[in-house]
Amino acid sequence: MKITVIGAGYVGLVTGACLSEMGNHVVCVDVDPRKIEMLNRGEVPIHEPGLDALIQRNAAAGRLQFTTDVAAAVAHGTIQFIGVGTPPDEDGSADLQYVLAAARNIGRHMTDYKVIVDKSTVPVGTADKVRAAIAEVLAERGVELEYAVVSNPEFLKEGAAIDDFMKPDRIVIGSDNERATLLMRAVYSPFMRNHDRLVVMDVRSAEFTKYAANAMLATRISFMNELALLADRVGADIEWVRRGIGSDPRIGTHFLYAGTGYGGSCFPKDVKALIRTGAQNGMTLGVLTAVEEANERQKLVLVNRVVERFGEDLTGRTFAVWGLAFKPNTDDMREAPSRVIVAELARRGARIQAYDPVAMPEAQRVLGEVAGLSLVASQQAALEGADALLLVTEWKEFRNPDFDHLKATLKQPLVFDGRNLYEPALMKSFGIEYRGIGRGSEG
């Protein structure tokens, strides 16, 4: 099939690459010429495991092309995926200017039947706005053309997006047009050879489903983080609690890990947008408001532990930070807890020596102006001369370090573990003072 993907960001590139892998001819268009030049050179502007090889293979085979030519891109595909950004507006609502600009471009250049697919995360009612924007442009042109607008939200985890797309646990299609639904079934049929995972529903329910899914996951995280703080007060170990409740199939084990809070491009933005949608419809979403507030407090939990141990004024202190990306296997630092942690330590006068396996260029961009921050070349370099280690992101290479070397390198053997990677008993056996999240002591 001939498919156009509008937007060469995270969602657009993963969507385009995976669809081309199944034999489709995909044209990916973006208004940023530098990004398109990079892609045409075989370079990928984001970090996602396996994506570079997937893009290079399909580009070499002629199934995947990148362009800034909007007219040619619109002419190419019967199916037009919109995968542009929907950043939070000042009031927390999703900013739809890029989605609607893409819709108008489709209306401006289309000459035959198109299925316009909202792949970006968008609020309920966006398909109606997209449909109206296209109709307005077609009316200005004085032409009548048939088209359909479909909702097809993405459910991609950063760091595992290729597997999520190629082996989906569900594919949600919101459509009120039979022809469009049949075409979407054809697009996704190669990804469902063993089991039909397509869930077809009305458009507004599909739009709502994406926000509901992310809000539920964010709620689980904030719930466990609050319980972890209480576990410290009462002397319980949140890891045992997690295993105990996670063994109940009604609850399950996913997204029950206590830590320093959630971040990234989805959860914070989508929770805010859903809260705003509630407000626009005369509802206060109390649970989600509490989820957001709990998450903001949790980002300071490691700093609070440091202050309890060293005092309010951290002048003259140096802290090692392992991990800056909001999660492993990505360089994404949007809403990352590390940003709050580093800024607050620096505000209190501390020096910070930070390392991340992938996110160092992005860290330089977003944290480069923070006074007292040094971005170092290795996890070992971060420890040199530091008063303590703060583990912020659970990269695999941090899971089993040389604890004897760690103890010998730090000024004092002290670890603040923001992801509960290490067992308190093991750390004690190495002679390391250990502060986890909800591991049974107030710190």
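**Helices and a sheet, term by term**

Visitor: Which residue in strand 10 is the bridge partner of Val 321?

Guide: Ala 354 is the bridge partner of Val 321 in strand 10. Keep in mind that this is a predicted model.

Visitor: What makes strand 9 and strand 10 a pair?

Guide: Two strands need at least two bridges to pair. Strand 9 (residues 318-322) and strand 10 (residues 351-355) are joined by 5 bridges, so they count as a pair. The two strands run parallel.

Visitor: What is the order of the 6 strands in the open sheet?

Guide: The order is 11-10-9-12-13-14, and the pairing is parallel.

Visitor: Why do strand 11 and strand 14 stand at the edges?

Guide: Strand 11 (373-375) and strand 14 (433-435) each have a single partner strand, so each has one side with no neighbour in the sheet. From one strand to the next, the twist averages 20 degrees.

Visitor: Which strands does helix 13 touch as it packs on the sheet?

Guide: Helix 13 touches strand 9, strand 12 (388-391), strand 13 (414-417) and strand 14. Its direction makes about 150 degrees with that of strand 13. As for helix 14, it lies across strand 9, strand 10, strand 11 and strand 12, and runs at about 160 degrees to strand 10.

Visitor: Why are helix 13 and helix 14 called roughly parallel to each other?

Guide: Helix 13 (residues 301-310) and helix 14 (residues 337-347) pack at an angle of about 30 degrees. Angles under 35 degrees count as roughly parallel, so that label applies to helix 13 and helix 14. Their axes are 9 Å apart.

Visitor: Which residues in helix 13 and helix 14 meet?

Guide: On the helix 13 side you'll find Leu 302, Val 303 and Val 306, which meet Ile 341, Glu 344 and Leu 345 in helix 14. By class, that contact has 5 nonpolar residues, no polar ones and 1 charged.

Visitor: And why are helix 9 and helix 10 oblique to each other?

Guide: Helix 9 (residues 203-234) and helix 10 (residues 238-246) pack at about 135 degrees, with axes 10 Å apart. To be roughly antiparallel, an angle has to be over 145, while roughly perpendicular covers 65 to 115. About 135 fits neither range, so helix 9 and helix 10 end up as oblique. Helix 9 passes helix 10 in a right-handed crossing.

Visitor: What meets Ile 238, Arg 242 and Ile 245 in helix 10?

Guide: Met 224, Leu 227, Ala 228 and Ala 231 in helix 9 do. The residues of this contact split into 6 nonpolar, no polar and 1 charged.

Definitions and conventions. Residues are numbered from 1 along each chain as its sequence is written. This is a predicted model: local features need pLDDT of at least 70, side-chain atom pairs count only at pLDDT 80 or more; totals for chains, interfaces and linings use all residues. Side-chain values use heavy atoms; hydrogens and water are left out. Axes are lines fitted to C-alpha atoms, for helices over the stretch in contact, and angles run from 0 to 180 degrees between N-to-C directions. Helices (H or I, at least four residues) and strands (E, at least two) are DSSP runs, numbered from the N terminus. A crossing is left-handed if the near helix is turned anticlockwise from the far one by less than a right angle, and right-handed if clockwise. Contact means heavy atoms within 4.5 Å. Ala, Val, Leu, Ile, Met, Phe, Trp, Tyr, Cys and Pro count as nonpolar, Asp, Glu, Lys and Arg as charged, and the others, Gly among them, as polar.
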